[in-house]
Amino acid sequence: MSRPPFFRHMEKVNLQGGLPPVIAPGVVELLGVEGFAEESEGELVIDTREPEAYAGGHIAESYSIWLGGLPVFGGWLGDEHSPVYLATDREGDVDTAAMHLSRIGIDKVRAGLAGGFGRWRSSGRGIQRAATLSPRELSVNLDDYQLLDVREVDEFDGGHIPGALHCFVGELESRLEHLALKRGCPVVVTCGVGHRAGIGISILQRAGYRQVYNLLGGMSAWTKLELPMAK
């Protein structure tokens, strides 16, 4: 398994005897849409909703990391120096998300979006979208897409969609320019079931890729449908 970068920071903290929690429930400020948009501009914005919801509409330039994935993947995209802003499904998820990040040494959670993403959606402010694709849809038009598998290397080696490129999602941002993906050709991102692919989608969009698809159900659904596999 790949070693998250935040391990280095946590090792230093643990050698010094640890640190008390910085973030407690109710401490993270909740901002209305206008305040959130102004303060978070150019900062690390994490959308903690499920990948289908993120694909349907999200704040431009935000990263997609589902709530349960923050304790691992939050540390691939941010560090102890990163000011973080949270767009959640429900306002009550802000405390949970902040605690997940605090436990891996990311304590600078500046604010959450009051009312959750629904408040942003109803405000009329700009929304960016991604797309989704089912395994069946992909299988009958396989040659029309570039395929990117963002699972761990051992998962990829155990079986993948024919023609897929591989890059573990935690390393995707730093290795993207070496993957030779064509910007004018649609890219389908896959993982186990779609959560890590959601992170990959957000990284690609931030890098300027516009035709990006999350393969919903991922390799789990692809395998159950007994669609073609390569090793």
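**Notebook: strand S9 and its surroundings**

I started with strand S9, residues 187-190, and found both of its faces covered: Val187 and Val189 are buried on one side, Val188 and Thr190 on the other. I should keep in mind that this is a predicted model. The two-sided pattern fits what I was taught: in a regular strand the side chains alternate between the two faces of the sheet.

Next I looked up the partners of S9. Strand S7, residues 146-149, pairs with S9 in the parallel sense, over four bridges. In that pairing I found Gln146 standing opposite Val187. Strand S10, residues 212-215, also runs parallel to S9, and three bridges join them. Here Val187 turns up again, this time opposite Val212. I then traced the chain from S9 to S10: it goes through helix H10, residues 195-206, and this β-α-β crossover is right-handed.

Then I checked a loop. Gln128 sits between helix H6 (117-123) and strand S6 (131-133). Is Gln128 buried or exposed? I got a relative accessible area of 14% for Gln128, and buried means under 20%, so this residue counts as buried. I also listed what Gln128 touches, skipping its neighbours within four places in sequence: Gly57, His58, Ile59, Ala60, Glu61, Gln205 and Arg210.

Last came helix H4, residues 70-77. How many of its eight residues are buried? I noted six, so I can call H4 mostly covered. The buried ones are Leu70, Phe73, Gly74, Gly75, Trp76 and Leu77.

Notes. Residues numbered from 1 in each chain as written. Predicted model: local features only at pLDDT ≥ 70, side-chain atom pairs only at ≥ 80, totals over all residues. Heavy atoms only, no water. Buried < 20%, exposed > 50% of the residue type's maximum accessible area, 1.4 Å probe, protein only. Helix = DSSP H or I, 4+ residues; strand = E, 2+ residues; numbered from the N terminus. Pairing = 2+ DSSP bridges. Right-handed = clockwise from strand over helix to strand, strands pointing away. Contact = heavy atoms within 4.5 Å.
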